[in-house]
Amino acid sequence: MKRLLHLRKQHPLFRRRTYPKPEDTTWLAPEGREMTEQDWQDETRRTLGMYLAYDDPYRTSDEAFLIWFHGGSDAIQVELPDGPWADTYTVVAHTGRDGELPTEKIAAGSSLQLPSHTVVVLQVD
């Protein structure tokens, strides 16, 4: 809990007073691509990624995070988007057990195994 409170304190993205604008939020499928209408209609889907960006008009605190929500009872591999999304990612919080997720930077375009029933917050580097 302390880690999440620290994240909120350190990053304006998590202290918004209004709902994020559509251009600041992208929903991702486990394959690392944007969700399609068909993806949203898939009743068996148990994993969803949310890419959140904060574009500070004064350029003092631009930042982005990728949050994976995984409600499945088995672990799953997700693809971390590359290209314009990020160069690397760092796990900054998760609901899994210690040691289940990497502590070092992860290259964009790589896959990441999400443990069952977890939320993983990755900071975009």
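Residues with under 20% relative accessible area are termed buried, those over 50% exposed, and those in between partly exposed. These terms are applied throughout the legends to this predicted model.

**View 1. Trp-27 and Trp-40 form an edge-to-face aromatic pair.** The protein chain holds two aromatic pairs. In this one the ring centres lie 5.9 Å apart, with 75° between the planes. Trp-27 belongs to strand 1 and Trp-40 to helix 2 (residues 37–41), so the pair ties together parts that are 13 residues apart in sequence. Trp-27 has a relative accessible area of 28% and is therefore partly exposed. Trp-40, at 44%, is likewise classed as partly exposed.

**View 2. Tyr-51 and Trp-85 form an edge-to-face aromatic pair.** The distance is 4.8 Å centre to centre, and the planes meet at 75°. Tyr-51 lies in strand 2, whereas Trp-85 lies in the loop between strand 4 and strand 5; the two are 34 residues apart, and the pair links distant parts of the chain. With a relative accessible area of 9%, Tyr-51 is buried, because the cut-off for that class is under 20%.

**View 3. The largest nonpolar core comprises 19 residues.** Tyr-51 is one of the residues with the most contacts inside this core, a group that also includes Leu-66, Trp-68, Leu-80, Tyr-89, Leu-112 and Leu-122. Two or more core residues are contributed by each of strand 2 (47–54), strand 3, strand 5, strand 7 and strand 8 (118–124). Another core, of seven residues, lies apart from it and has Leu-52, Phe-65, Ile-67 and Val-121 among its members. In the protein chain of 125 residues, 40% count as buried.

**View 4. Six strands form an open antiparallel sheet.** The strand order is 1-2-3-8-5-6. Strand 1 (25–28) and strand 6 (106–107) are the edge strands, each pairing on one side only. Strand 6 is joined to strand 5 (residues 88–94) by two bridges in the antiparallel sense. Within this pairing, Thr-88 has Ala-107 of strand 6 as its bridge partner.

**View 5. Strand 4 (residues 76–79) and strand 7 run antiparallel and are joined by four bridges.** Gln-77 stands opposite Gln-113 of strand 7. In a regular strand the side chains alternate between the two faces of the sheet. Along strand 7 (residues 111–114), Leu-112 and Leu-114 point to one face and are buried, while Ser-111 and Gln-113 point to the other and are not.

**View 6. His-70 makes a side-chain polar contact with Thr-47.** The contact spans 2.6 Å. His-70 is located in strand 3 (residues 63–70). Its relative accessibility is 5%, and His-70 therefore counts as buried. Leaving aside residues up to four places away in sequence, His-70 touches Arg-46, Thr-47, Ala-75, Ile-76, Leu-114, Pro-115, Ser-116, His-117 and Thr-118.

**View 7. Asp-87 is an exposed residue in a loop.** The loop in question runs between strand 4 and strand 5. Asp-87 has a relative accessible area of 61%, so this residue counts as exposed. Its C-alpha atom is separated by 5.2 Å from that of Ala-108, which is 21 residues away along the chain. Residues up to four places away in sequence aside, Asp-87 touches Ile-106, Ala-107, Ala-108 and Asp-125.

Definitions and conventions. Residues are numbered from 1 along each chain as its sequence is written. This is a predicted model: local features need pLDDT of at least 70, side-chain atom pairs count only at pLDDT 80 or more; totals for chains, interfaces and linings use all residues. Side-chain values use heavy atoms; hydrogens and water are left out. Buried means under 20% relative accessible area, exposed over 50%, partly exposed in between (1.4 Å probe, protein chains only). A polar contact is a pair of N or O atoms within 3.5 Å; within protein, one must be able to donate a hydrogen and the other to accept it, and residues adjacent in sequence count only if both atoms are side-chain atoms. Contact means heavy atoms within 4.5 Å. Two strands pair if DSSP finds at least two bridges between them. A nonpolar core is a set of buried Ala, Val, Leu, Ile, Met, Phe, Trp, Tyr and Cys residues joined through side-chain atoms within 4.5 Å. Rings of Phe, Tyr and Trp (its six-membered ring) pair if their centres lie within 6.5 Å; planes under 30 degrees apart count as stacked, over 60 as edge-to-face and the rest as tilted.
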